[in-house]
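Student: Hi! Could you walk me through this structure, a bit at a time?
Tutor: Happy to. Have a look at it here, and then we can start.

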Amino acid sequence: MTDDVLDYSRPGPFTSLDATQLPLIEGLPDDPVGICAAVQSLVIQPTDAAVLGISEDRIAEKNIRPVNELVTVLTGLDPAPLHQARTPETRVVGTCRHFATMACAFLRTRGIAARARCGFATYFVEQRGLDHWITEYWDAGQARWVRIDSEILGKSHVDRPEDLAPGEFLTGGEAWAQYRSGLIDPDTFGVAGTDHAWGWAEISGNAVRDLAALCKHETLPWDEWGRMTAAYEDKTGPEYDQLIDTVAAACAKDDPLALNRLFVDEDLAVPQRIVG
């Protein structure tokens, strides 16, 4: 990897659109919030899809990684341009990762620097950090990254879902740093709807996924590589904890050189079987 790979105003492996798909986004708003809001009517969560009776074959759409393939599914269900809201039955089935990554793709295609972030939302369940993905875009006027949750825009989970307040969402690295400092109970961080996927290993896994996302490889929430599985099985030790300390620090500093160096580490690099 080189520094130019981390030009967040340009698409990455999972956020590129095909040339034939570009006309589909021409009608999207020009502002970042408007672009993210449009995504809300393009994706449906698997649980909501199941309630509607959408087939198991279609539920498998949640396993699609590249946005161009998600758009292909969308236009197969409804060929309308993507600024036109879909009925729930004609939305692509995906998770919070798909909301975040699709928004990121559309922003990048418009030349707006954007990133998907993997971590934990603290606004769904009181005193819990739930596995979640959001988008952030660069606001040049304010000289800062603005965190936005496309999935909850217009809803009441937080006061301003278009500009999440500090602490409302923690990246994997931010949650890891707080865990290591004794500021959070790791057993309150994990995956909603599960009994087992809670604790420090879930935090470390999302720290690695967030590093990958910062390096423009937005994996699926359940993708595992490197020593993630060993961590989930409690088979790692202090050496791995220190590696995640390094990951968390590099993500916090937002240093392209440090991110690039870490991303090629054999324990951290996204394998070809995922990139595909």
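Tutor: One term before we begin: contact means heavy atoms within 4.5 Å. Helices here are DSSP runs (H or I, at least four residues), strands are E runs of at least two, and both are numbered from the N terminus.

Student: And what sort of model is it?
Tutor: This is a predicted model, where local features need pLDDT of at least 70, side-chain atom pairs count only at pLDDT 80 or more, and totals for chains, interfaces and linings use all residues. Residues are numbered from 1 along each chain as its sequence is written, and side-chain values use heavy atoms, with hydrogens and water left out.

Student: OK, which residues of α7 meet α9?
Tutor: On the α7 side they are W200, S204, A207, V208, D210, L211 and L214. Their partners in α9 are Y240, D241, I244, V247 and C251.

Student: How does that contact divide into nonpolar, polar and charged?
Tutor: The contact of α7 with α9 has 9 nonpolar, 1 polar and 2 charged residues. In this scheme Ala, Val, Leu, Ile, Met, Phe, Trp, Tyr, Cys and Pro count as nonpolar, Asp, Glu, Lys and Arg as charged, and the others, Gly among them, as polar.

Student: At what angle do α7 and α9 pack?
Tutor: Helix α7 (residues 200-214) and helix α9 (residues 238-253) pack at about 45°, and their axes are 10 Å apart. The axes are lines fitted to C-alpha atoms, for helices over the stretch in contact, and angles run from 0 to 180 degrees between N-to-C directions. That is why α7 and α9 are oblique to each other. The cut-offs are: under 35 degrees is roughly parallel, over 145 roughly antiparallel, 65 to 115 roughly perpendicular, and the rest oblique.

Student: Let's switch. What about α4 and α5, how are they packed?
Tutor: Their angle is about 100°, with the axes 10 Å apart. This makes α4 roughly perpendicular to α5. From α4, the residues V67, L70, V71 and L74 meet H98, T101, M102, A105 and F106 of α5. By class, that contact holds 7 nonpolar, 2 polar and no charged residues.

Student: Which residues of α4 are buried?
Tutor: In helix α4 (residues 67-77), V67, N68, L70, V71 and L74 are buried. Buried means under 20% relative accessible area, exposed is over 50%, and partly exposed is in between (1.4 Å probe, protein chains only). Seen down the axis of α4, the buried residues fall within an arc of 155°, so they line one face of the helix. The arc is that of the directions from the helix axis to the C-beta atoms.

Student: And what covers them?
Tutor: The cover for the buried residues of α4 includes β2 (92-93) and α5 (96-109).

Student: Does anything before α1 come into this? I was wondering what Q21 touches.
Tutor: Leaving out residues up to four places away in sequence, Q21 touches N68, V71 and T72. Q21 sits in the segment before α1 (32-39), and at 6% relative accessibility it counts as buried.

Student: Now α6: which of its residues are buried?
Tutor: In helix α6 (residues 172-180) they are G172, G173, A175 and W176. They cover an arc of only 160° around the axis, which puts them on the same side of α6. Among what covers them are β3 (114-121), β6, β7 (189-190), α7 and α9.

Student: You mentioned β6. Is T171 buried or exposed?
Tutor: T171 counts as buried, at 2% relative accessibility. T171 is in strand β6 (residues 169-171). Not counting residues up to four places away in sequence, T171 touches R117, C118, G119, R147 and D210.

Student: Last topic: which sign does phi have at K216?
Tutor: K216 has a positive phi of about 65° although it is not a glycine. Most residues other than glycine have a negative phi. K216 is in the loop between α7 and α8 (228-232), and at 4% relative accessibility K216 counts as buried.

Student: What is phi at D254, then?
Tutor: Phi of D254 is near 60°, a positive value in a residue other than glycine. D254 lies in the loop between α9 and α10 (256-263), and at 26% relative accessibility D254 counts as partly exposed.
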